[in-house]
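Thank you all for coming; I would like to take a few minutes to walk through one structure with you. Please have a look at it first, and then I will go through it piece by piece.

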Amino acid sequence: MNLFAIIGRLLGLSGDTAPQAAAKTAYKGAELNRIWKPWQPTHRSGDAAIYEDQSLLSARMRDLFRNDPLMKKLKRELCKHVIGAHGVQTFADVLMPDGPPGERDTDDTFNFESDELFARWSEDEADAAGKFSWAQLQWQHFSEAVARGGSLLLEVADDNPKRSIPLCYQLLEYEQLDASKDRPAGARSNRIVNGIEFDALNRPVAYYIYDVHPYDTFQGGGFDSVRVPAKRVIHTYFPDRPSENIGVTLFTANVQSARDLDWYLGNELTAAALGALLTMVVKREHGVGSGLGFVGADPTDSVDEHGNSQVRLGPGIVADVGTNDSVEIAESGRPNRDAGPFIELIMQQASQASGLSRGRVTGSYSQTSYSSARAEHLDDQAYFQVLQNWCARSFVIPVRRRHTEICAAFDRYTSISARQFANRQYEMERLRVKGIGREQLDPEKETQAAMERIRSGLSDWEHECALRGLDWRRVALNQKRQKAFFAKHGLEFDLSSSGNPKEVLAEGAAP
């Protein structure tokens, strides 16, 4: 038997006997050879896996998002392209009550009134603490869900007479869920997992929420939790498995690569810093003596005021050597020429784990062609749209519908009464949702392509405007108002050239 066969037999990679070969698994991933045998993960449900590890994982992730540049950028990129500066927007899309199916016109009077009331509330009244607009609250809520795995919006009533309606929301962290209330389901009691009570159909019934953050060092005394009905809580999370009722950070697979990159760069920088120092090796004839020192430096002063080890550099270095002694300079091989490819590999792993393209993760497109950059751009946009739809379903639409209900209950609408709204509530809460859209890589070509799709019947104004994050009805109405304004002031659009308005000259006037 040759050496490779012996090594293979020892590692369990070859040389199986007939009974062993018959007992081999059908799937390679289930083999138990000598290399893979230690890798036997424990079976856990989605909730159980998160429950056991969430405290330490949460602390580590929050530390990474505070201090690691790569992780901070990954979260910022998701928030920037999913939520954006104006948030995921909603527009009332109620139809007139009369007319044949499929041909009813939109109730523009109610729609615009509803949008105006929601715009005021979004800017000044959405946040119970008064710190954020609705768009900013969306950013904070989504950012927390991405980083921690989930986030909570608690509905609060504020009866300040200066408000349009008492509705507002308080942003809560997962740590404010009281897991001490957890229990299995009983004969007459619901199960509670991670501070969330579920009924027999696995629907949330209530949330046990601490009055204050349990890790807030500025709160005195003990901590009490309150049972809050589920209808007052909007819970946003991104489950990986059907058995998960709370979420885990979207960047779980980035933890290892982020720590590897931090460790590698730290060691490279340390090696480069040490290599930048002048290191002299004194070879003495008899191997004794200490003739190397720093001018003006105290050799015993090796600890700073905080107890950290240090080496002080003086204005010069003097080597005291004899006639037969020699001095050599120890040169460093830093910076490491292989650092770039290795860092690129780690960044590629970070890209794969986060779901974002390599160019967006690194921020560098210097070695990227237009075609590949556009492919990355479209791939990212597909991911962003999935998350935008999730956000819309989870918290954007529920908040807008709740605002519509409260406005109707308080008779804030002039175009419809509270009774009329109640009789048609399902229809009156009809909405259209618009994400932030996407930027064009080549505006001229992509605009021309959009116009060709509309002319050929392959698309329409609504779809093309939605790609840009715009509402086509409002674009059309704004154009109508602007044209009326220009006509009133003797101006018109010249769309055949620059698109700038030009003055309409009186007949026979000189140009």
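I will speak about two sheets, then a pair of helices, and finally the nonpolar cores. Please keep in mind throughout that this is a predicted model.

Let me begin with the sheet of 3 strands, which is open, has the order β3-β2-β8 and is paired in the antiparallel sense. Its edge strands are β3, residues 167–172, and β8, residues 233–237, each of which pairs on one side only. Between β2, which covers residues 150–157, and β8 there are 5 bridges, and within this part of the model S151 stands opposite T236 of β8. Helix α6, residues 134–148, packs on this sheet and touches β2, β3 and β8, with its direction at about 145° to that of β2.

The other sheet I want to show is also open and antiparallel, with 4 strands in the order β4-β5-β6-β7. Here the edges are β4, at 191–193, and β7, at 225–229, and from one strand to the next the twist averages 25°. Strand β5, residues 196–198, is joined to β4 by 3 bridges, and I196 in β5 is the bridge partner of V193.

Turning to the helices, how do α5 and α10 pack against each other? Helix α5, residues 108–124, and helix α10, residues 370–409, meet at an angle of about 105°, and their axes are 11 Å apart. Since angles from 65 to 115 degrees count as roughly perpendicular, the two helices are therefore roughly perpendicular to each other. On the α5 side the contact is made by F110, S114, D115, L117, F118 and W121, while α10 contributes V399, R400, H403, T404 and C407; taken together, these residues divide into 6 nonpolar, 3 polar and 2 charged.

That brings me to the cores, and to the question of which residues touch the most other members of the largest nonpolar core. They are W121, W134 and F142, in a core of 51 residues. The elements giving two or more residues to this core include α5, α6, β3 and α10, and α10 gives the most, with 9 residues. As for F142, leaving aside residues up to four places away in sequence, its contacts are L78, C79, V82, I83, F238, L387 and C391. Apart from this core lies another, of 17 residues, with I50, L177, I196 and V228 among them.

How values were computed. Residues numbered from 1 in each chain as written. Predicted model: local features only at pLDDT ≥ 70, side-chain atom pairs only at ≥ 80, totals over all residues. Heavy atoms only, no water. Axes fitted to C-alpha atoms, helices over the stretch in contact; angles between N-to-C directions. Parallel < 35°, antiparallel > 145°, perpendicular 65-115°, else oblique. Contact = heavy atoms within 4.5 Å. Nonpolar A, V, L, I, M, F, W, Y, C, P; charged D, E, K, R; others polar. Pairing = 2+ DSSP bridges. Core = buried A, V, L, I, M, F, W, Y, C linked by side-chain atoms within 4.5 Å. Buried < 20%, exposed > 50% of the residue type's maximum accessible area, 1.4 Å probe, protein only.
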